Amino acid sequence: MPANLPPTYYKLKHQHEVAKTDEERLSLLEEMLRIIPKHKGSEKVVSDLRRRIASYKRGSSEKGGKGASKRSYSEHIPKQGAGQIVLIGPPNGGKSQILSNFTNAKPEVSPTPYTTTMPTIGMLRYENIQFQLIDTPSILLDFISSTVLTLTRSADLVLPIVSLASDNLLDDLDMVVAFLKEAGCGTSENGTLVVANQLDATGAEERLEILKEFYDDTFQIHPISAETGAGKETLSHVIYTELDILRIYPKAPGKAIERDDPIVLPIGSTVLDAAMELHKDFAEFRFARIWGPQWHDGQSVSRNDVIHDGDVVEFHL
Ligand SMILES: Nc1nc2c(ncn2[C@@H]2O[C@H](COP(=O)(O)OP(=O)(O)O)[C@@H](O)[C@H]2O)c(=O)[nH]1
Ligand SMILES: [Mg+2]
């Protein structure tokens, strides 16, 4: 049951999110608990508030909800893997469900809006690499979370998640567009990805058609279901393409190619970039040989030659 919380609650919640000290956090949580309407729909939020207040009073620094990340609060999340992907969107799009089902992270998933209060990280495996997915608190138009804004701006890729189970689908997407504008990440013509989640829901196909009718020219729309996993592989592939990266395989002279541990670099990288990524000592290599569709097998390449996705490079020191 939705909690239908008053705007003041979200304002306090945001202040709590950006608060600098535990004293401030505690007093904001107490204020949230004071003003929250107590009814069946808000039961879960209320009990969560009580639990967190108690935990502050015990002097613990637990900040997230159940299962949330316990790391200390920081707006910037160091990048891991082949790219940092930030999931943003309206409440109940399924951001947390995607993280939970597609990675080994266990964020709280719930039909109660605004359950997610802290970013949570998980790694999504794609073939022989991994992407860092970040689940975020849902966006609200009249209250922009500075955490989500910062993450959106620094991400390698932002993935808006909307729900095909929602009758507010078009409004939800408009809110995402407004948020991206606020973040200074304008939506490019047919460039920005949008994940239309919950494809398994009743009426999803019809809503997808409507979504496409209105937005096919503006967005690349990718239907998926976090629940069934439908569309996951295609989405992972699209993420890979959107990141403008390539994989190359280093090979030691006389040894077999290691296919399970590629070097990931931006498209346009050179033989020297690959050498330096492998190890700083490799920057001084004597010569390098390369294999791939663009090359003669084992041909010698120079430092400034541009490498291609899938190339195998052998460095001679
Ligand atoms: N049927 C269906 N339900 C989903 C799917 N993804 C999420 N949900 C449900 O939608 C609700 C909101 O999900 P959640 O991940 O917490 O949304 P968030 O607010 O975007 O993080 C939960 O009850 C989920 O179980 C999906 O692919 N299919
Ligand atoms: Mg969530």
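**Backbone exceptions, domains and packing in the predicted model**

Tyr 114 is found in the loop between H4 and strand S2 (120-126). In this predicted model, phi of Tyr 114 is near 65°, a positive value in a residue other than glycine. Such a value deserves notice, because most residues other than glycine have a negative phi. Tyr 114 counts as partly exposed, because it has 17 C-beta neighbours inside 10 Å. A positive phi also occurs at Gln 198, another residue other than glycine, where the angle is near 70°. Gln 198 likewise belongs to a loop, namely the one between strand S5 (192-197) and helix H7 (204-215), but its surroundings place it in another class: with 24 C-beta neighbours inside 10 Å, Gln 198 counts as buried, the threshold for that class being 20 or more.

The chain as a whole comprises 317 residues, of which 34% are buried, and its secondary structure comes to nine helices and eleven strands. The C-alpha trace spans about 70 × 50 × 35 Å along its principal axes. Among contacts between residues at least 6 apart in sequence, 64% join residues at least 24 apart. The domain assignment divides the chain into domain 1 (7-57), domain 2 (84-242) and domain 3 (245-316); the centres of domain 2 and domain 3, taken over C-alpha atoms, are separated by 35 Å.

Two helices illustrate how buried and exposed residues are distributed about a helix axis. In helix H5 (residues 146-154), the buried residues are Thr 147, Val 148, Leu 151 and Thr 152. These residues lie on the same side of H5, because they cover an arc of only 130° around the axis. Ser 146 and Arg 153, by contrast, are exposed on the other side of H5. The cover over the buried residues of H5 includes helix H1 (7-18) together with strand S1 (84-88), strand S3 (129-135) and strand S4 (157-163). Since H1 spans residues 7-18 and domain 1 covers 7-57, this cover includes a helix from domain 1.

Helix H8 (residues 232-242) shows a comparable arrangement, with Leu 235, Ile 239 and Tyr 240 as its buried residues. The arc that they cover around the axis is only 145°, which puts them on the same side of H8, whereas Glu 233, Thr 234, His 237 and Thr 241 are exposed on the other side. The buried residues of H8 pack against a set of strands, comprising S1, S2, S3, S4, S5 and strand S6 (219-223). Just after H8, the backbone at Asp 244 takes a positive phi of about 55°.

Ligand 1 is surrounded by 21 residues, the closest being Gly 94, Lys 95, Ser 96, Gln 97 and Glu 227. Helix H4 (residues 95-102) contributes three residues to this shell, which is the largest share. By character, the residues of the shell around ligand 1 divide into 13 polar, five nonpolar and three charged.

In domain 3 (245-316), strand S7 (residues 245-251) is largely enclosed by the rest of the structure, because five of its seven residues are buried. S7 has pairing partners in strand S8 and strand S11, and the sense of pairing is given for each. With strand S8 (residues 263-266), S7 pairs in the antiparallel sense over four bridges, and Leu 246 stands opposite Leu 265 in S8. With strand S11 (residues 312-316), S7 runs parallel and is joined by three bridges; here Lys 251 stands opposite Glu 314 in S11.

Beyond S8, Thr 270 has its place in the loop between S8 and helix H9 (271-278). Thr 270 counts as partly exposed, because it has 16 C-beta neighbours inside 10 Å. Although Thr 270 and Val 306 are 36 residues apart along the chain, their C-alpha atoms are separated by 4.2 Å. When its neighbours within four places in sequence are left aside, Thr 270 is in contact with Arg 303, Asn 304, Asp 305, Val 306 and Ile 307.

Note on methods:
Residues numbered from 1 in each chain as written. Chains lettered and ligands numbered in written order. Predicted model: local features only at pLDDT ≥ 70, side-chain atom pairs only at ≥ 80, totals over all residues. Domains from an automatic or database assignment. Buried ≥ 20, exposed ≤ 12 C-beta atoms within 10 Å, placed from the backbone. Arc of directions from axis to C-beta. Contact = placed C-beta atoms within 7 Å. Near = placed C-beta within 6 Å. Nonpolar A, V, L, I, M, F, W, Y, C, P; charged D, E, K, R; others polar. Pairing = 2+ DSSP bridges.
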